[in-house]
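Please look through the sequence and the model shown below before reading on. The report that follows takes up the surface and then some contacts of individual side chains.

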Amino acid sequence: MIAETVCSAVSAAGLGIAAVTAYRKRFLAAARLAAYSLVPIGLVMTGVVEWLSDTAFSVTAWAGFGVLGASWLLFSATRAVERRRGGTRKERRAAARSAQREAVAPAASAPSLGPAARPASRPAAAPRSDSADDFSDIEAILKKHGI
């Protein structure tokens, strides 16, 4: 009852301000003010205000809003985890299958990458100078490891 009275008073005040604005030859602003001021009385007439006031004081309605909020939080959390993992379960399975097909067979002696992926022959070593004798033990270790 109080909400309907307040909405009616707001609408009447808004229409009064719109009339004063129209009197000052600002018709576009007056029409906009009239439109805004008719919204509260329209909500009262459709019953939305009564429904909102009943909902605002209902424990069941607030519990329902809480359940909806929890549902939204769970949905958001699962979407965030899904994005972090890299897609849906179907996408992860498809990626795992394609990775298994492209992998080298366990009994293979060399990777099956084709002839273009093999390294080119190594260039001949440059002739040594006399100061290179100091690093002969380091070169031996590097050659031993294939570097």
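Which residues form a positive surface patch? In this predicted model, the positive patch is formed by Arg 85, Arg 89, Arg 92, Arg 93 and Arg 97. Helix α5, which covers residues 89-102, supplies the largest share of this patch, namely four residues. Arg 89 is found in helix α5, and with a relative accessible area of 55% Arg 89 is exposed, because the word exposed is used for values over 50%.

**The chain as a whole**

The protein chain has six helices and zero strands, and, when followed from the N terminus on, its elements run α-α-α-α-α-α. Of the 147 residues in the protein chain, buried residues make up 9%, where buried stands for a relative accessible area under 20%.

**A nonpolar patch**

The surface also carries a nonpolar patch of about 460 Å², which is made by Val 39, Leu 43, Val 48, Trp 51 and Leu 52. The elements that give two or more residues to this nonpolar patch are α2, with residues 27-46, and α3, with residues 48-56. It is α3 that gives the most to the nonpolar patch, with three residues. Val 39, one of the residues of the patch, lies in helix α2, and its relative accessibility of 46% makes Val 39 count as partly exposed. Why does Val 39 count as partly exposed? The relative accessibility of Val 39 is 46%, and partly exposed is the term for values between the limit of 20% for buried and the limit of 50% for exposed.

**Side chains that reach backbone oxygens**

Four side chains, those of Ser 8, Ser 37, Ser 53 and Thr 55, can be followed to a backbone oxygen, and the table lists each contact with its distance.

| Side chain | Backbone oxygen | Distance |
|---|---|---|
| Ser 8 | Glu 4 | 2.9 Å |
| Ser 37 | Ala 34 | 2.9 Å |
| Ser 53 | Glu 50 | 2.8 Å |
| Thr 55 | Trp 51 | 2.7 Å |

Where does Ser 8 lie? Ser 8 lies in helix α1, which covers residues 2-23, and at 31% relative accessibility Ser 8 counts as partly exposed. Although Ser 8 and Leu 38 are 30 residues apart along the chain, their C-alpha atoms are separated by 9.1 Å.

The place of Ser 37 is in helix α2. Is Ser 37 buried or exposed? At 5% relative accessibility, Ser 37 counts as buried, because the limit for that word is under 20%.

Helix α3 holds both Ser 53 and Thr 55, and each of them can be described by how much of its area is accessible. Ser 53, at 27% relative accessibility, counts as partly exposed, whereas Thr 55, with a relative accessible area of 12%, is buried. Ser 53 can also be related to Ile 2, since the two are 51 residues apart in sequence and 10.0 Å apart in space, taken from C-alpha to C-alpha. Thr 55, for its part, has a polar side-chain atom that lies 2.7 Å from the backbone oxygen of Trp 51, and Trp 51 is one of the residues that make the nonpolar patch.

How values were computed:
Residues numbered from 1 in each chain as written. Predicted model: local features only at pLDDT ≥ 70, side-chain atom pairs only at ≥ 80, totals over all residues. Heavy atoms only, no water. Patch = residues over 30% accessible without salt bridge, like charges linked within 9 Å, V, L, I, M, F, W, Y side chains within 5 Å. Areas by Shrake-Rupley, 256 points an atom, 1.4 Å probe, with all protein chains shown as cover. Salt bridge = Lys/Arg side-chain N within 4 Å of Asp/Glu carboxyl O. Lys, Arg positive; Asp, Glu negative; His and termini not counted. Charge placed at Lys NZ, Arg CZ, Asp CG, Glu CD. Buried < 20%, exposed > 50% of the residue type's maximum accessible area, 1.4 Å probe, protein only. Polar contact = N/O pair within 3.5 Å; in protein donor to acceptor, adjacent residues only side chain to side chain.
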